[in-house]
Amino acid sequence: MAVFEPDEQIETLDPAACSRLLAATQVGRLALVAEGKPKIIVLNHLVYREGVFFRTAPDAWLVRHLTDEGPGGGPGLEVVYEVDSASAAGRSGWSVIATGRLHREDDAELVALAHRKLEAWAHGDRDVVLRLHVDELTGRRVGPA
């Protein structure tokens, strides 16, 4: 077990720093509780305006479990999306967590934007665009002072 040295710090990141780090990354982990069990899905993303966008297949698990078709139609899926970076050699890293509701995006302009700017890493048709409406953005950085 690693010992936390006195010259190391844990810093709480402000929302602006969290937003920059989220936008600077390409992949993260979407976490939620489904059928009473935790589930984590690795996805690549696009940050635009106040949302985080994902592309997925029409028959993907997330699409099948959405409870509505848009932000006005119901609660969506409550999720957290986490991105991070770490250096074991440097004993440093950071983590950002976006908490909010996931919905299927139905705005044609935003769907077209996601199709242009976001290429899903998984093979096959990934034409469904999902949007995480971020309610809270938090983060921490750890490393030598």
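## A tour of two pockets and two ring contacts

Start by selecting strand β3, which supplies four residues to the lining of the largest pocket, the largest share from any element. Keep in mind as you go that this is a predicted model.

With β3 (37–44) highlighted, add β5 and α2 (61–65); each of the three gives at least two residues to that lining. The pocket holds about 220 Å³ of space. Its lining has 15 residues, and the ones to label are V42, L43, R55, A122 and R126, which lie nearest the centre. Colour the lining by residue type and you should find 11 nonpolar, two polar and two charged residues.

Next, show the side chains of K39 and W61. The charged end of K39 sits over the W61 ring, 4.9 Å from the ring centre.

Now for the aromatic rings: a search of the whole structure turns up one aromatic pair. Select F54 and Y81, and you will see an edge-to-face arrangement, with 4.9 Å from centre to centre and 70 degrees between the planes. F54 belongs to strand β5 (residues 51–56) and Y81 to strand β6 (residues 77–87), so the pair ties together parts 27 residues apart in sequence. Are these rings buried or exposed? F54 is buried at 1% relative accessible area, and Y81 is buried too, at 0%.

Last stop: the second largest pocket, with about 180 Å³ of space. Select S19, L22, V47, R49, E50, G51, V52, V134 and L137 to display its lining. Here α1 (15–24), β5 and β8 (128–144) each contribute at least two residues. By type, this lining splits into five nonpolar, two polar and two charged residues.

Methods. Residues are numbered from 1 along each chain as its sequence is written. This is a predicted model: local features need pLDDT of at least 70, side-chain atom pairs count only at pLDDT 80 or more; totals for chains, interfaces and linings use all residues. Side-chain values use heavy atoms; hydrogens and water are left out. Rings of Phe, Tyr and Trp (its six-membered ring) pair if their centres lie within 6.5 Å; planes under 30 degrees apart count as stacked, over 60 as edge-to-face and the rest as tilted. Buried means under 20% relative accessible area, exposed over 50%, partly exposed in between (1.4 Å probe, protein chains only). A charge sits over a ring if NZ of Lys or CZ of Arg is within 6 Å of the ring centre and within 35 degrees of the ring normal. On a 1 Å grid over the protein atoms alone, a cavity is a set of points where a 1.4 Å probe fits but cannot get out, and a pocket is an open set with protein on both sides within 12 Å along at least five of seven lines; lining residues have an atom within 4 Å of a point. Grid points are joined across faces, edges and corners, and a volume is the space filled by probe spheres set on the points. Ala, Val, Leu, Ile, Met, Phe, Trp, Tyr, Cys and Pro count as nonpolar, Asp, Glu, Lys and Arg as charged, and the others, Gly among them, as polar.
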